Amino acid sequence: MIYFENVSKIYNRRSVALENVTLKIDDKEFVSIVGASGAGKTTLLKLLIREEKPSSGLIYLDGLEITALPRRMLHHLRRRVGMVFQDYKLLAHMTAYENIAFAMEAASREDKDIHEDVPQVLDLIGLAGKADQFPHELSGGEKQRVAIARALVNRPEVILADEPTGNLDPINTWEIIKLLQKINELGTTVILASHDKEIINAINKRVVVFDKGEVISDQEAGKYLV
């Protein structure tokens, strides 16, 4: 379970990213975080991987207080929470296989596990035949699939997806959303930040709406209201 307790993130008097946010997300949920640009969506995700620290309030992951974690322990948190970005963040000089394997190497996984798990996750994302291709040889949708595989390969409890379809055409957009839904069905909590109304409404899962850093709506099977 993820729990934000009265969390605020204030950069300065003119920039309040989040204000007194209390939010609970259960294990294995698929939750869409929506709102206009600047509503606080990305800040919420950054707080959850401790890329940012809150100005006030507490954040918990299954009872672990993220806000109190010393820096030397952050790698343990980031094994438990995988992140997918709009711009993929793949390493250009590495193949699809190597990009995914690198995430396992960074987590000090054994070679045996890497040789077993990378092909499995490539198969899951539908790119088993493109393991040896470099990012410049892949389409936008394929790059995002590799990015999802990289986030997934260490078997995190949670996948955070920050506008993962923002650079994709409609066909690839739906393929990525279907992949995230499949990952969720396999037991991983998925938190999707998006401002795409059509996608959010089609998913028909829980929707939390942010506006100016505050939660203004939280619906179990919701729609994009802003």
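**Exercise 1.** Is R155 buried or exposed in this predicted model, and what is its relative accessible area?

*Solution.* The relative accessible area of R155 comes to 59%. Since exposed means over 50%, R155 is therefore classed as exposed.

**Exercise 2.** Determine which residue R155 pairs with in a salt bridge, and where the two partners lie along the chain.

*Solution.* Begin with the contact itself: the side chain of R155 forms a salt bridge with that of D117, at 3.4 Å from N to O. Next, place the partners: D117 belongs to helix α4 (residues 111–124), while R155 sits in the loop between α5 (140–152) and β7 (158–162), so that the pair, 38 residues apart, links distant parts of the chain. Then consider accessibility: D117, at 7%, is buried, whereas R155 is exposed.

**Exercise 3.** Work out how E175 and K178 are placed in their helix, and how accessible each of them is.

*Solution.* The closest N and O atoms of E175 and K178 are 3.8 Å apart, and the two residues form a salt bridge. Because they are three residues apart in helix α6 (residues 170–185), about one helical turn separates them. E175 is partly exposed at 31% relative accessibility, and K178 is likewise partly exposed, at 48%. Elsewhere, salt bridges with shared partners join R109, D113, D117 and R155 into one network.

**Exercise 4.** Describe the salt bridge of K89, and state how many salt bridges are counted.

*Solution.* The side chain of K89 meets that of D87 at 3.6 Å, N to O. K89 is partly exposed at 44%, and D87 is partly exposed with a relative accessible area of 44%. The count comes to 14 salt bridges.

Conventions. Residues numbered from 1 in each chain as written. Predicted model: local features only at pLDDT ≥ 70, side-chain atom pairs only at ≥ 80, totals over all residues. Heavy atoms only, no water. Salt bridge = Lys/Arg side-chain N within 4 Å of Asp/Glu carboxyl O. Buried < 20%, exposed > 50% of the residue type's maximum accessible area, 1.4 Å probe, protein only. Helix = DSSP H or I, 4+ residues; strand = E, 2+ residues; numbered from the N terminus.
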